Structure formats: structure tokens, C-alpha cells
Amino acid sequence: MAPTRLVRSCCVLVLLFFAMPGVAQEAPSPDAKAWLAEHNAEAVRVNQTAMGILFGWAVLNIGTGVAGHFASEGETRAFFQANAAWNVVNLVIAGLGYHGQATADPASWDLARSLAEGQRMEKVLLLNAGLDVGYIAFGGLLWERGLRKDSERLRGWGKSVLVQGAFLLVFDGVLTFLNAKLNGELTARLVPASDGVGLMLTWP
């Protein structure tokens with residue numbers, strides 16, 4: 001399960017290193033600049049909170065997984081083992097993500113950086129959601145194979161991957177919605193610059 005989960009983290013890291021698209025822009029008014037700083041801070045808060053939730057989920061699963069390994073046997077033991085192994089990677093991803101959000105300086109982002117950060121986060125989350133569907137399918141495949149082979153280990157692993165994939169699909173889906181909402185609030189305020197080149201942030 002760990003190599004499959006590592007694919008997700010690698011995809012995230014690759015996307016995070018994509019170059020930010022350039023956006024020509026005029027200097028925003030003081031009010032618009034203050035709104036942009038608050039908007040960026042809110043986006044960072046949302047994603048930082050999400051990483052905290054993922055971290056908590058990982059710790060919970062590792063703890064119960066280790067305990068379940070010693071307190072159960074057969075299919076149930078395999079289920080707990082897979083939960084613990086899967087969430088070691090979740091723990092690393094959540095820790096790195098939380099640190100990245102906690103050390104961000106959203107007040108320093110200009111309009112181009114704000115747009116790039118929001119779009120990149122949406123793309124990463126959509127990719128993750130697609131991978132989550134794959135995890136669920138893989139879990140179902142393992143479970144079905146365990147039934148055919150009469151393998152308690154495969155059935156336990158399959159159930160674990162199904163549970164973990166379902167959680168991540170809901171997690172990434174909710175986070176995608178929240179980021180898309182924030183990005184929509186920003187793009188709704190964009191109008192062409194007065195010289196007709198690039199964009200500028202409007203303020204009522």
C-alpha cells in the first residue's frame with residue numbers, strides 16, 4: 001500500500017514545483033490590497049486546518065492500527081496493519097503540508113502569485129481526487145481477490161484501502177470545494193487593466 005500512496009505524494013510535489021504563470025497587473029488600491037491580503041490569509045488558514053485534520057487522521061489510524069495488530073488476528077489484524085502502514089505516508093504528507101502553510105507569507109503575495117497559488121491548489125486536489133477513486137477501486141479488487149482466494153490478509157487489506165480511499169475522496173472533495181469557492185471570490189473581482197493589457201483587482 002505504501003508505494004501506491006507514495007505516488008500521490010510525488011504528484012503533489014511535482015505540481016508544487018510548476019512555474020507560476022505570469023499576470024500583468026496594475027497596482028491595486030489600498031482597500032483592494034488589504035482585501036487581497038485577507039483573502040490569501042483565509043486560503044492559507046483553510047489549507048492549514050485541512051493538513052491538521054489529515055495529520056490527526058493519520059495519528060489515529062497508526063495508533064489504532066498498532067493496537068489492533070496486537071489485539072486481533074486474521075482479517076481484522078490485516079485491516080489494522082494496512083491502516084497503520086497507509087497512514088505513515090499520510091503523516092508525512094500532512095506534516096510537510098502543514099509546515100508549508102504555516103511558514104507561508106500570504107500578505108506578500110501579489111495578484112499573480114495569489115491566482116497561481118489558488119489554481120495550483122485546485123489542480124493538485126483534483127488530481128488527488130482522481131487517485132482516491134483509483135484507491136477505492138484497488139481496495140475493491142483486493143477484497144474481491146481475497147474472497148476468491150479465501151485470503152484473510154487480502155480481504156483485510158482490501159477493506160482498509162477502501163476505507164482510506166473513501167476518507168481521502170471526501171477530504172479532497174471538501175477541500176477542493178472550499179478552495180474553488182475562495183478562488184471564485186478572487187476571480188470575480190478581476191477586470192481588464194485600464195491599458196487593456198493584463199488584469200487588475202477591483203474594489204467597490
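In the predicted model, Gln101 has a relative accessible area of 17% and is therefore classed as buried, the cut-off for that class being under 20%. This residue belongs to helix α3, and, when its neighbours within four places in sequence are left aside, Gln101 is in contact with Val44, Asn47, Gln48 and Met121.

The helix that carries Gln101 packs against helix α2. Two packed helices are described by the angle between their axes and the distance between the axes. For α2, which spans residues 30-71, and α3, which spans residues 74-102, the angle is about 155° and the axes lie 7 Å apart. Because angles over 145 degrees count as roughly antiparallel, α2 and α3 are assigned to that class with respect to each other. The crossing in which α2 passes α3 is left-handed, and the residues of the contact between these two helices comprise 17 that are nonpolar, 15 that are polar and one that is charged.

A second buried position was examined in helix α4, which covers residues 111-149 and contains Gly139. The relative accessibility of Gly139 is 0%, and this residue therefore counts as buried. Once its neighbours within four places in sequence are set aside, Gly139 is in contact with Gly158, Val161 and Leu162. Gly139 and Arg155 are 16 residues apart along the chain, and a distance of 8.9 Å separates their C-alpha atoms.

The nonpolar interior was then considered. The largest nonpolar core holds 21 residues, of which Leu54, Tyr135, Leu168, Phe171 and Leu175 touch the most other members. Two or more residues of this core are supplied by each of α2, α3, α4 and α5, the last of these running over residues 152-187, and the largest share, seven residues, comes from α5. For Phe171, one of the residues of this core that touch the most other members, the contacts beyond its neighbours within four places in sequence are with Ala50, Met51, Ile53 and Leu54; Leu54, in turn, is itself listed with Phe171 among those residues of the core. A second core, separate from the largest one, consists of six residues, including Leu36, Leu111, Leu115 and Leu186.

Conventions
Residues are numbered from 1 along each chain as its sequence is written. This is a predicted model: local features need pLDDT of at least 70, side-chain atom pairs count only at pLDDT 80 or more; totals for chains, interfaces and linings use all residues. Side-chain values use heavy atoms; hydrogens and water are left out. Axes are lines fitted to C-alpha atoms, for helices over the stretch in contact, and angles run from 0 to 180 degrees between N-to-C directions. Helices (H or I, at least four residues) and strands (E, at least two) are DSSP runs, numbered from the N terminus. Angles under 35 degrees count as roughly parallel, over 145 as roughly antiparallel, 65 to 115 as roughly perpendicular and the rest as oblique. A crossing is left-handed if the near helix is turned anticlockwise from the far one by less than a right angle, and right-handed if clockwise. Ala, Val, Leu, Ile, Met, Phe, Trp, Tyr, Cys and Pro count as nonpolar, Asp, Glu, Lys and Arg as charged, and the others, Gly among them, as polar. Buried means under 20% relative accessible area, exposed over 50%, partly exposed in between (1.4 Å probe, protein chains only). Contact means heavy atoms within 4.5 Å. A nonpolar core is a set of buried Ala, Val, Leu, Ile, Met, Phe, Trp, Tyr and Cys residues joined through side-chain atoms within 4.5 Å.
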